[in-house]
Amino acid sequence: YWFGTDQQGCDVYSLSVFGARPSVAVGLIAAVVTTLVGAIMGLLAGFYGGAVDSVISRIVDVFYGLPMIVVGIAALSAITLPGIWGVTFVLCVLGWVTAARMVRAQTIEAKGQDYTLAARALGASNSRIMLRHILPNAIGPSIVVAVISLGGFIGAEATFSFLGLGIRPPAFSWGTMIANAQSVFFTAPWALFFPAFFLSLTVLAFFLLGDAISDALDPTN
């Protein structure tokens, strides 16, 4: 038992390895869904402008004003979806606004570029202009946001699971491991240290990966 055992005699190393799966799965699903939803909403708002932009922007402002942890606690207290799906649903509902703002700003900028005006002069439809000319140039920053958000979603899942509102027994993740180990911290500190260490390392890794992708996609570099 390289990492020792917990209060029930279970191998902390094995628990840490298998506990990574639900935590990373929640982060990946939430990152993909929020990026897709945010890209669609931001693309529509930036391309059409006017009333469409006003409505979507006000919706984004409302979601930005919601504290994720507080709203997540309230929602997860009422939602009883099994496994990872409850916390994933909450993160998807609350986490798409950053990608939407990013894509909206990039769409407004790309809409006035020469290649977009040339496509419109050649008779391209709105959907073709959005999908073939604007979206490929606006999606780059969203990928960076998605990678960085992935680390944030993993941390949020651990927070909700630590509070007993995310992944619930018999399933477990790093958050539930930390919650179970806090009562034996002074007698078996390794049971809390290793899942907390892997959680922090994973979140930091995705933040650093997001910075690296941002540098790689920066045309000025």
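Arg-104 is partly exposed in this predicted model, its relative accessible area being 27%. The side chain of Arg-104 meets that of Asp-53 in a salt bridge, with nitrogen and oxygen 2.7 Å apart. This pair ties together distant parts of the chain, since Arg-104 belongs to helix H5 (residues 97-111) and Asp-53 to helix H2 (residues 50-64), with 51 residues separating the two. Asp-53, for its part, has a relative accessible area of 13% and is therefore buried, the cut-off for that class being under 20%.

**Salt bridges**

The count of salt bridges in the structure comes to three. Besides the pair just described, Asp-61 forms a salt bridge with Arg-58, the closest N and O atoms lying 2.9 Å apart. Asp-61 and Arg-58 are three residues apart in helix H2, which means that about one helical turn separates them. Asp-61 also meets the side chain of Arg-101 in a salt bridge, at 2.7 Å from N to O. Here the link is again between distant parts of the chain, with Asp-61 in helix H2 and Arg-101 in helix H5, 40 residues apart. Arg-58, Asp-61 and Arg-101 are thus linked in a network of salt bridges.

As to accessibility within this network, Asp-61 has a relative accessible area of 31% and is partly exposed, Arg-58 counts as partly exposed at 48%, and Arg-101 falls in the partly exposed class at 41%. The pairs are set out below.

| Salt bridge | N to O distance |
|---|---|
| Arg-104 and Asp-53 | 2.7 Å |
| Asp-61 and Arg-58 | 2.9 Å |
| Asp-61 and Arg-101 | 2.7 Å |

**Surroundings of Tyr-64**

Tyr-64 is another residue of helix H2, and at 37% relative accessibility it counts as partly exposed. When neighbours within four places in sequence are left aside, Tyr-64 is in contact with Val-97, Thr-98 and Arg-101. Arg-101 is also the residue whose side chain forms a salt bridge with Asp-61. The C-alpha atom of Tyr-64 is separated by 21 Å from that of Ala-158, a residue 94 places away along the chain.

**Packing of H5 against H7**

Two packed helices are described by the angle between their axes and by the distance between those axes. For H5 and helix H7 (residues 126-162), the angle is about 150° and the axes are 9 Å apart. Because an angle over 145 degrees counts as roughly antiparallel, H5 is placed in that class relative to H7. The crossing in which H5 passes H7 is right-handed. On the H5 side, the contact is made by Thr-98, Ala-99, Met-102, Val-103, Gln-106, Thr-107, Ala-110 and Lys-111, while H7 contributes Ile-134, Asn-137, Ala-138, Pro-141, Ser-142 and Val-145. Thr-98, one of the H5 residues in this contact, is also among the residues that Tyr-64 touches.

**Thr-116 in H6**

Thr-116 is found in helix H6 (residues 114-121) and, at 1% relative accessibility, counts as buried. Residues up to four places away in sequence not being counted, Thr-116 touches Ala-110, Lys-111, Ile-129 and Ile-134. Ala-110, Lys-111 and Ile-134 are also among the residues through which H5 and H7 make contact.

**Aromatic pairs**

The structure holds five aromatic pairs. In one of them, the rings of Phe-193 and Phe-194 have centres 5.2 Å apart and planes at 75°, so the pair is edge-to-face, planes over 60 degrees apart being counted in that way. Phe-193 is partly exposed, with 48% relative accessibility, whereas Phe-194 has a relative accessible area of 18% and is buried. Ring pairs link these two residues with Phe-197 and Phe-198 into a cluster.

**The chain as a whole**

The chain has nine helices and zero strands, and the pattern along the sequence reads α-α-α-α-α-α-α-α-α. The C-alpha trace spans about 70 × 40 × 25 Å along its principal axes. Of the 221 residues of the chain, 42% count as buried, Asp-53, Thr-116 and Phe-194 being among them. Among contacts between residues at least 6 apart in sequence, 73% join residues at least 24 apart.

Key:
Residues are numbered from 1 along each chain as its sequence is written. This is a predicted model: local features need pLDDT of at least 70, side-chain atom pairs count only at pLDDT 80 or more; totals for chains, interfaces and linings use all residues. Side-chain values use heavy atoms; hydrogens and water are left out. Rings of Phe, Tyr and Trp (its six-membered ring) pair if their centres lie within 6.5 Å; planes under 30 degrees apart count as stacked, over 60 as edge-to-face and the rest as tilted. Buried means under 20% relative accessible area, exposed over 50%, partly exposed in between (1.4 Å probe, protein chains only). A salt bridge is a side-chain nitrogen of Lys or Arg within 4 Å of a carboxyl oxygen of Asp or Glu. Helices (H or I, at least four residues) and strands (E, at least two) are DSSP runs, numbered from the N terminus. Axes are lines fitted to C-alpha atoms, for helices over the stretch in contact, and angles run from 0 to 180 degrees between N-to-C directions. Angles under 35 degrees count as roughly parallel, over 145 as roughly antiparallel, 65 to 115 as roughly perpendicular and the rest as oblique. A crossing is left-handed if the near helix is turned anticlockwise from the far one by less than a right angle, and right-handed if clockwise. Contact means heavy atoms within 4.5 Å.
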